[in-house]
Amino acid sequence: MNHLRANNLLCNRQHGFTSGRSTTTNLLKAMEIWTEALSHNLSVDIIFLDYEKAFDTVPHERLLAQLAALGIRGGTLS
């Protein structure tokens, strides 16, 4: 995480696995955006997806290659 933060590789919308953030803070931010849009008479479309098993379907070699491309090395990558 230090490497990702130091090299500005995390999106400011990242909530999962981020200190001080959670699914709750993510939902609160989303509700803030939706409320603002609705207060300006804009429409809001929402799609909910369940990624519970998503990590199980990620090709691990591809994930490791992407992490290496971000500069993750050594024991952390291992």
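Me: Helices here are DSSP runs of H or I, at least four residues long, numbered from the N terminus. Which residue follows helix 2, and what is the sign of its phi?
Reply: This is a predicted model. Helix 2 covers residues 23–39. Phi is near 55 degrees in the residue that follows helix 2. That residue is asparagine 41, and the sign of its phi is positive.

Me: How far apart are the end C-alpha atoms of helix 2, and what span should its residues give?
Reply: Helix 2 has 17 residues. At 1.5 Å a residue, they should span 24 Å. The distance in the model agrees, with the end C-alpha atoms also at 24 Å.

Me: Which side chain reaches a backbone nitrogen at the start of helix 2?
Reply: The backbone nitrogen belongs to threonine 24. A side-chain oxygen comes to within 3.1 Å of that nitrogen. The oxygen is on serine 22.

Me: Which residue pairs with glutamate 32 in a salt bridge?
Reply: Side chains of opposite charge can pair when their charged atoms come close. A salt bridge needs a Lys or Arg side-chain nitrogen within 4 Å of an Asp or Glu carboxyl oxygen. For glutamate 32 the N to O distance is 3.1 Å. Its partner, 3 residues away in helix 2, is lysine 29.

Me: Is lysine 29 buried, partly exposed or exposed?
Reply: Its relative accessible area is 39%. Buried means under 20%, and exposed means over 50%. Lysine 29 is therefore partly exposed.

Me: Which residues form the nonpolar patch on the surface?
Reply: Together they have about 410 Å² of accessible area. One of them lies in the loop between helix 2 and helix 3 (54–57). The patch residues are Ile47, Leu49 and Tyr51.

Me: Is isoleucine 47 buried or exposed?
Reply: Its relative accessibility is 73%. The cut-off for exposed is over 50%. So isoleucine 47 counts as exposed.

Me: Which residue offers its backbone oxygen to the side chain of arginine 73?
Reply: Arginine 73 sits in the loop between helix 4 (60–69) and helix 5 (74–77). With a relative accessible area of 55%, arginine 73 is exposed. Its side chain reaches the backbone oxygen at 2.6 Å. That oxygen belongs to alanine 68.

Me: How far apart are the C-alpha atoms of arginine 73 and tryptophan 34?
Reply: Along the chain, 39 residues separate arginine 73 from tryptophan 34. Between their C-alpha atoms the distance is 39 Å.

Me: What percentage of residues 3–73 is helix?
Reply: UniProt, in an unreviewed entry, places the feature "domain: Reverse transcriptase" at residues 3–73. The end C-alpha atoms of this stretch are 10 Å apart. Its strand content is 0%, and its helix content is 49%.

Key. Residues numbered from 1 in each chain as written. Predicted model: local features only at pLDDT ≥ 70, side-chain atom pairs only at ≥ 80, totals over all residues. Heavy atoms only, no water. UniProt positions renumbered as here; feature names shortened; annotations may be inferred. Helix = DSSP H or I, 4+ residues; strand = E, 2+ residues; numbered from the N terminus. Expected span 1.5 Å × (residues − 1). Polar contact = N/O pair within 3.5 Å; in protein donor to acceptor, adjacent residues only side chain to side chain. Patch = residues over 30% accessible without salt bridge, like charges linked within 9 Å, V, L, I, M, F, W, Y side chains within 5 Å. Areas by Shrake-Rupley, 256 points an atom, 1.4 Å probe, with all protein chains shown as cover. Buried < 20%, exposed > 50% of the residue type's maximum accessible area, 1.4 Å probe, protein only.
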